[in-house]
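Visitor: I'd like a tour of this model, please. Could you take me through it one question at a time?

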Amino acid sequence: MSSTEQTADALEAREVTISFEGLTAVDSVNEKLQPGEILGLIGPNGAGKTTLVNALTGFQMPAAGEVRLGEKIVSGLTPHWFRRHGVARTFQAGRLFREMPVSENIEVAAVSLGLNRKKANAHAMELLEWLGLADRAKLPAGVLPYTDERRVGIGRALAMNPSFVLLDEPAAGMSDLECDEIMKIVSEIPSKFGCGVLLIEHNMRVIMGVCERIHVLDSGKTISRGTPQEVQNDPAVIKAYLGHG
Ligand SMILES: Nc1ncnc2c1ncn2[C@@H]1O[C@H](COP(=O)(O)OP(=O)(O)O)[C@@H](O)[C@H]1O
Ligand SMILES: [Mg+2]
């Protein structure tokens, strides 16, 4: 099923810089998220992770540098444009429609991209089944514990059949068992949906368990990039984490 224009192009940040009133939140960052890969984005609180994701999804216009989808410069285009062109995201806080049933929260995403209601419903149910939430489909989203809410958020992002999905701390505050479930879900995304993943996460077991490579930010700057093994042993990374307690 394809409700968006699937693309095999990479999603790229080139020298992206974003400032807020004198604070450089993201400082000349380069990264290229490839189709079908799982990239981890880590760094202490305030490192600029969410701001970078905002730039890569149309929520934030870079002050300098550019965002590209393939060869096309797309910085400054709207979040809606990004969604329509296969770039989906989740938010740190759920942002679900609380009065609306869980299944409809996912359906509306699919409908907004042109799927008819019946197909959107079938697709939502498939996604909920995969997420382990089928029995909660009819409940108002507002009654879900927030660990379930996070999973619905992932379903909603994937309902748009994206080429890329950017997940902002999907496992925050979860138990070990719930983290295992998130790890399983995230690791299945590339093969099941043909989708590349950027994963922001503080839980190192989750990051190390699912990411092929990792980008580390500290105070807006890239301080390390590499395989989980390389990054874990990088003195600059150890120092950044110790420095922030
Ligand atoms: N809208 C904003 N206005 C002002 N400062 C912001 C805004 N968004 C983020 N910041 C600041 O930018 C820095 C990076 O924030 P953020 O990207 O949320 O970090 P992270 O997601 O890595 O914790 C922080 O110092 C934060 O306070
Ligand atoms: Mg953040």
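Guide: Happy to! Keep in mind that this is a predicted model. Let's begin with two helices: α4 and α5 make a right-handed crossing.

Visitor: At what angle do α4 and α5 cross, and what do we call that arrangement?

Guide: The axes of α4 (residues 117-131) and α5 come within 10 Å, and they cross at roughly 140°. An angle over 145 would count as roughly antiparallel. This crossing therefore makes α4 oblique to α5.

Visitor: Which residues of α5 touch α4?

Guide: On the α4 side, the contact is made by L127, L128 and L131. By class, the residues of this contact divide into 5 nonpolar, 1 polar and 1 charged. From α5 come R151, I154, G155 and L158.

Visitor: How is α3 oriented relative to α5?

Guide: Helix α3 (residues 102-112) packs against α5 (residues 146-158) with the axes 8 Å apart, at an angle of about 25°. Angles under 35 degrees count as roughly parallel. So α3 is roughly parallel to α5.

Visitor: And which residues make the contact of α3 with α5?

Guide: The crossing of these two, α3 and α5, is right-handed. Their contact has 4 nonpolar, 2 polar and 1 charged residues. The residues are V102, N105, I106 and A109 of α3, together with V152, G155 and R156 of α5.

Visitor: Now the strands. Why do β6 and β10 each have one side without a neighbour in the sheet?

Guide: Look at the open sheet of 6 strands, which has mixed pairing and the order β6-β7-β8-β3-β9-β10. The twist averages 20° from one strand to the next. β6 (87-89) and β10 (221-226) stand at the edges, so each has a single partner strand.

Visitor: In β8, which residue is the bridge partner of D168?

Guide: Strand β7 (residues 164-168) pairs with strand β8 (residues 196-200). The two run in the parallel sense, over 5 bridges. Opposite D168, the partner in β8 is I200.

Visitor: Which strands does α9 touch?

Guide: Helix α9 covers residues 235-243 and packs on the sheet. Its direction makes about 130° with that of β10. The strands α9 touches are β9 and β10.

Visitor: What are the edge strands of the sheet with 4 strands?

Guide: That open sheet has antiparallel pairing, in the order β2-β1-β4-β5. An edge strand here pairs on one side only. That gives us β2 and β5 (72-73).

Visitor: Which residue in β4 stands opposite R14?

Guide: Start with strand β1 (residues 11-20) and strand β4 (residues 64-69), which run antiparallel. They are joined by 5 bridges. Across from R14 in β4 you'll find E66.

Visitor: At what angle does α1 run to β1?

Guide: Helix α1 (residues 49-56) lies across β3, β6, β7, β8 and β9, at about 155° to β7. α1 also lies across β1, β2 and β4. Its angle to β1 is about 120°.

Visitor: Last stop: which element gives the most to the shell around ligand 1?

Guide: Ligand 1 is surrounded by residues including F20, N45, K49, T50 and T51. By class, the shell divides into 4 nonpolar, 6 polar and 1 charged. The elements giving two or more residues are β2 (23-33) and α1. With 3 residues, the one that gives the most is α1.

Notes
Residues numbered from 1 in each chain as written. Chains lettered and ligands numbered in written order. Predicted model: local features only at pLDDT ≥ 70, side-chain atom pairs only at ≥ 80, totals over all residues. Pairing = 2+ DSSP bridges. Axes fitted to C-alpha atoms, helices over the stretch in contact; angles between N-to-C directions. Contact = placed C-beta atoms within 7 Å. Parallel < 35°, antiparallel > 145°, perpendicular 65-115°, else oblique. Left-handed = near helix turned anticlockwise from the far one by under 90°. Nonpolar A, V, L, I, M, F, W, Y, C, P; charged D, E, K, R; others polar. Near = placed C-beta within 6 Å.
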